[in-house]
Amino acid sequence: MNELKKANDSYFLKDYKKAKAFYLKFLSSNPRAFWIRFNVFLCDIKMGDYNEAYKVFKTSFLNGSLNEDLVEKQLDVLKEILVNKAPYISTPLDVYQVIDSHKKKVITPIRRISKDRKYPSGYNFDLQLNKIIGNINQYEYISSSIEYLSNNYKLIRKKLLIVKFVKNTKELEQLLKIVNAQKNDYFEHELLIIDISNGVVRSFGELLVYNYNFLKPLDQLNSIIESIQYDIICFFPEISSFKISRFMLERIVKYYNFTDLTVFALEYDKNIEKEEITLNIDSKSSWEKELYPFRKVGFSNLTLTREQFESIGGFYPNIFDGAISFKNLAYRLYLSGKYFIPALGVYSANDVNSIKGTEAFEDYCAAHWYRKTYSKKNVLPKVSIYIPSYNNAEYIVQAINSALEQTFQDLEVCVYDDGSTDETKKVLTDKYSKNSKVKVIFGPNGGIGYASNKAINMCSGIYIAQLDSDDKLKPTAIAELVEYLDNNRKVGCVYSSAERIDSTGNYIKDEYNFPIFSREKMMMTSIIHHLRMFRSQIWHRTEGFREDIENAVDYDIFLKISEITECYHYDKVLYQRRWHGSNTSIVNVDKQTENTLKVQKMSLMRQGLEHYFGSHFVGDQSKRTINYYYLNNPQTRIFFWPDYTTSNPYQKFMYSSLLKDKYVLSGDIDSAIKSLKDNGKEVYFHLHWLNKIADLKKDSKENIIKLFESFLKKLHIFSDLGGRIVWTIHNESEHDSKFIEIENYYRKKIGELSYRIHLHNEKDFYQLIYLDDSLYSKIRVIEHGSFIPFYPNYLSKEESREMLGIPNDSFVICFTGQIKPYKGIELLISSFKKFSETNSNTFLILAGRIDKENQIFKNKVIESDKIILMDEFLENEEIQKIYNVSDISVFPYKKILTSGSAILSMGFGVPCLLPTTNMTKDLTKDVSVDLLLEDLSEQTIVKKINMLYRIHKENQIDSIGKECIDNVKKLNWDGFNALFETDN
């Protein structure tokens, strides 16, 4: 107990860092001391390490041995502190916990619901689980969060260690030039030069230089790197083979201020024969679709944190090929759950996928891309079977042997003995101490969750399978599940069916078997049966097994896994579950019942649903009949329709601005009616655009009337049941509508049924002929918000132009968004051609998807080599490239009330020419030049472009851009709660 006394004394003296160290040392031999874990939690709070404290909380305090009031009180204190502190994303679902200073969630998941959805008995119709995020290498959700966080929180400076293998003095000079050109407001750096030139570079001042011979394995560098103080380590490739943005390191530092889930590598350029390497960004996110993103890493092309490097043990021992060593480092980072993100640069070395073929690498990488067949010389196995063991001397040999006797032999068995007091230790030592496929660790007793975490941390396989120490595997079990995971890249967890055997191994019956995986059913009870196999990377993206509960431990971890990856039931009996009367699920039924509710509550919390729903038992608790219910009754629910969140950010940002007492769902009027009938009042139906009611451009007059009448009838039913209709009017009329009179008639009818009518500008009320004075009391004016905090913006104009092959001295005009007739594209093209007749060094970029009906525009574009058409949906990373390449933008829209594209353009500092509307007048009123088009004619557009071109030639266009940014910064997403609140 000496460590405990030292810890308490240090805590009393307010030396919390030392106290925490002693508490952790005590916990290493007393893992069940949860009150000591609570003291660690308090130390983290006292030291200001609030995110670390929150991590401890999320895994440690369901035990019940602690004073729950004390824990809740400290947690409330922590949450209040975290509101004003920069959040930290350590698991995918942490993005839903990012809350700004107004206690609004930065990212509100879009939950899509349908009245015809299938859900189990006891489940609530409105309880729509979040879309799975973060599967495979899908890092977009992190990027979106990082952009917001880095724009709203002060960054902590980081120390970078830049490591470079140098052949000669010239290469070192070039390296210094590249590093010194980096924008470094948020980091300081130190260079570690790995001299492979036989001492040529040793004369360079105080630089850290280490002589290295490639005949040695790279793990010789681990101790050198460990001796240097740094936060982030960046390995640079051969100077002549890469090109990077001057913002690359700054962007990396931004990420590592808020997450440890990412690593970075330069994009591999297949055109390695080119003399000029062109900087680019992987806008289409091919990296996100990459099952094995570590393949992108070649020799000395990787950036990661110190913690990441040390947690996997640095370079693997005794690998004599440098390229293999780096790719193996990347492979082990992949196993640990890291996302691979393209750094801002390109790498043209030819060692990425040709490491002496792939034969040499397959010994160190079990991915089926490399390893086709099993060999005894394989260093790292494909599958790790983990076994947490406690007092199972009678059965554990049968369990291990069933693993070793599998038809699939590329595996290891990892046993953690959880302080057994029977003959288990002797049995394991006698039987397996000389078996290289069996790893055994003996440790103190910490419970099933603790033992499971310890066992998995022993695993080095790409797939991990669970085997209880008293159970057995069928001979083909591992082979069949491996084959499934190899062939189904989106599935992160596959599980079989099981049969029950008695203490002597005789068949009793088939175990409970829910045939098809359902996340909704999983929220009711655990349906992921034995045998379970999951990807190592997926498990490491969770918080691991809870160590503070004895029962429902497996239910908890597989809930976590099902929240971030797809799961599949391989419906074949591959597992034998032994039933001998001492199973924990039999002995502790009451505790299992209690903990089921606790882990369901934690699942709701991870998904951002904890403020809305709870679960409880109905009837006999032994049957575990779960019902989900609303915590607040009535609960305000908002169904919005139509849903354009995949192509338009407006709805995402609008609903993210709401306070947490508003529960938002994407659903049509039928879903809203069903919710109202099932769960009572306080339901809002938020109508946006009308184009999904009927096609006002293509449908016949008769069909349009029929569809609108049907829709109105449903609105009446909804309203009569007590529902409230909110209507946001985005446009004066639907674009390209053939029947304006009919549309206006139904717009008036919808207005009469509405509880609130939302306009972005008060003056629009007098412009819209279908809104009369009787509707004025329903009007709520809330402005369109700004996109500035949410979009990446790290590329310079020069870098953007290099990517698109546009000369730096050119004058560039852009148009972004879907390309449709009402947006005046034909007029813009003809105006540009007229302008370019007298101004040759100009370009027009049209960036947006062209629908099938408007392919004629492609022919018009082909007529000019000065028009660049990007017929595609623009990803977030791509948008900055278009605006940063441009000097101005032009949006000659017809019949609009608002323009998100104009707000986005001005937010990037790109002045835009716009039609004259109430909204555009306000948007541009503080800009020193007139950006409004008094009419939509070629003559007017050319005149205005010429005006901005002259300003450009006078080098003043950037100052106009700054005025645009200042105007847009005044916009925000506040105020939308008023649409969904009742009058006092």
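Cys493 is buried, at 0% relative accessibility, where buried stands for under 20% relative accessible area, exposed for over 50%, and partly exposed for values in between (1.4 Å probe, protein chains only). The closest cysteine sulfur belongs to Cys567 and lies 4.5 Å from the sulfur of Cys493, too far for a bond. A disulfide is a covalent bond between the sulfur atoms of two cysteines; the criterion applied here is a pair of cysteine sulfur atoms within 2.5 Å. The structure holds zero disulfides. Cys234 is likewise counted as buried, at 1% relative accessibility.

The model is predicted, and local features need pLDDT of at least 70, side-chain atom pairs count only at pLDDT 80 or more, and totals for chains, interfaces and linings use all residues. Residues are numbered from 1 along each chain as its sequence is written, and side-chain values use heavy atoms, with hydrogens and water left out.

Arg535 lies in strand E16 (residues 532–535); helices (H or I, at least four residues) and strands (E, at least two) are DSSP runs numbered from the N terminus. Arg535 is buried but has no salt bridge, a salt bridge being a side-chain nitrogen of Lys or Arg within 4 Å of a carboxyl oxygen of Asp or Glu. The nearest side chain of opposite charge is that of Asp486, 5.9 Å away; for this purpose Lys and Arg count as positive and Asp and Glu as negative, while His and the chain ends are not counted. When residues up to four places away in sequence are set aside, Arg535 touches Leu291, Ile462, Tyr463, Leu485, Asn488, Arg489, Val491 and Gly492, contact meaning heavy atoms within 4.5 Å.

Elsewhere, charged side chains do pair: the whole structure contains 43 salt bridges. One of them links Lys115 and Asp116 at 3.1 Å, N to O. Lys115 is partly exposed at 36% relative accessibility, and Asp116 is exposed with a relative accessible area of 52%. Glu171 and Lys164 meet in a salt bridge at 3.5 Å, N to O, and both residues are buried. Arg295 and Glu290 form another, with their closest N and O atoms 3.1 Å apart; Arg295 and Glu290 are both buried. Arg500, Glu511 and Arg577 are joined into one network by salt bridges that share partners.

The discussion now turns to the sheets. Strands of a sheet pair through backbone hydrogen bonds, either parallel or antiparallel. An open sheet of six strands, with parallel pairing, follows the order E21-E20-E22-E23-E24-E25; two strands pair if DSSP finds at least two bridges between them. Its edge strands, E21 (662–666) and E25 (779–781), each pair on one side only. On average, neighbouring strands of this sheet are turned by 25 degrees against each other, direction ignored; axes are lines fitted to C-alpha atoms, for helices over the stretch in contact, and angles run from 0 to 180 degrees between N-to-C directions. Strand E24 (residues 756–759) runs parallel to E25 and is joined to it by three bridges, and His758 stands opposite Arg780 in E25. Helix H23 (residues 701–720) packs on the sheet, in contact with E20 (636–641), E22 (683–687) and E23 (724–728), and its direction makes about 155 degrees with that of E22. Helix H24 (residues 740–753) also packs on the sheet, touching E22, E23 and E24, with its direction at about 135 degrees to that of E23.

Another open sheet of six strands has the order E28-E27-E26-E29-E30-E31, again with parallel pairing. At its edges stand E28 (867–870) and E31 (932–933), each with a single partner strand, so one side of each has no neighbour in the sheet. Two parallel bridges pair E26 with E29, and Cys814 has Ser889 in E29 as its bridge partner. Helix H29 lies across E26, E27 (842–847) and E28, running at about 140 degrees to E26.

Helix H30 (residues 900–907) is largely enclosed by the rest of the structure, because seven of its eight residues are buried. Among the elements covering these buried residues are strand E26 (811–816), helix H29 (876–885) and helix H33 (957–969). Just after H30, Gly909 adopts a positive phi of about 80 degrees.
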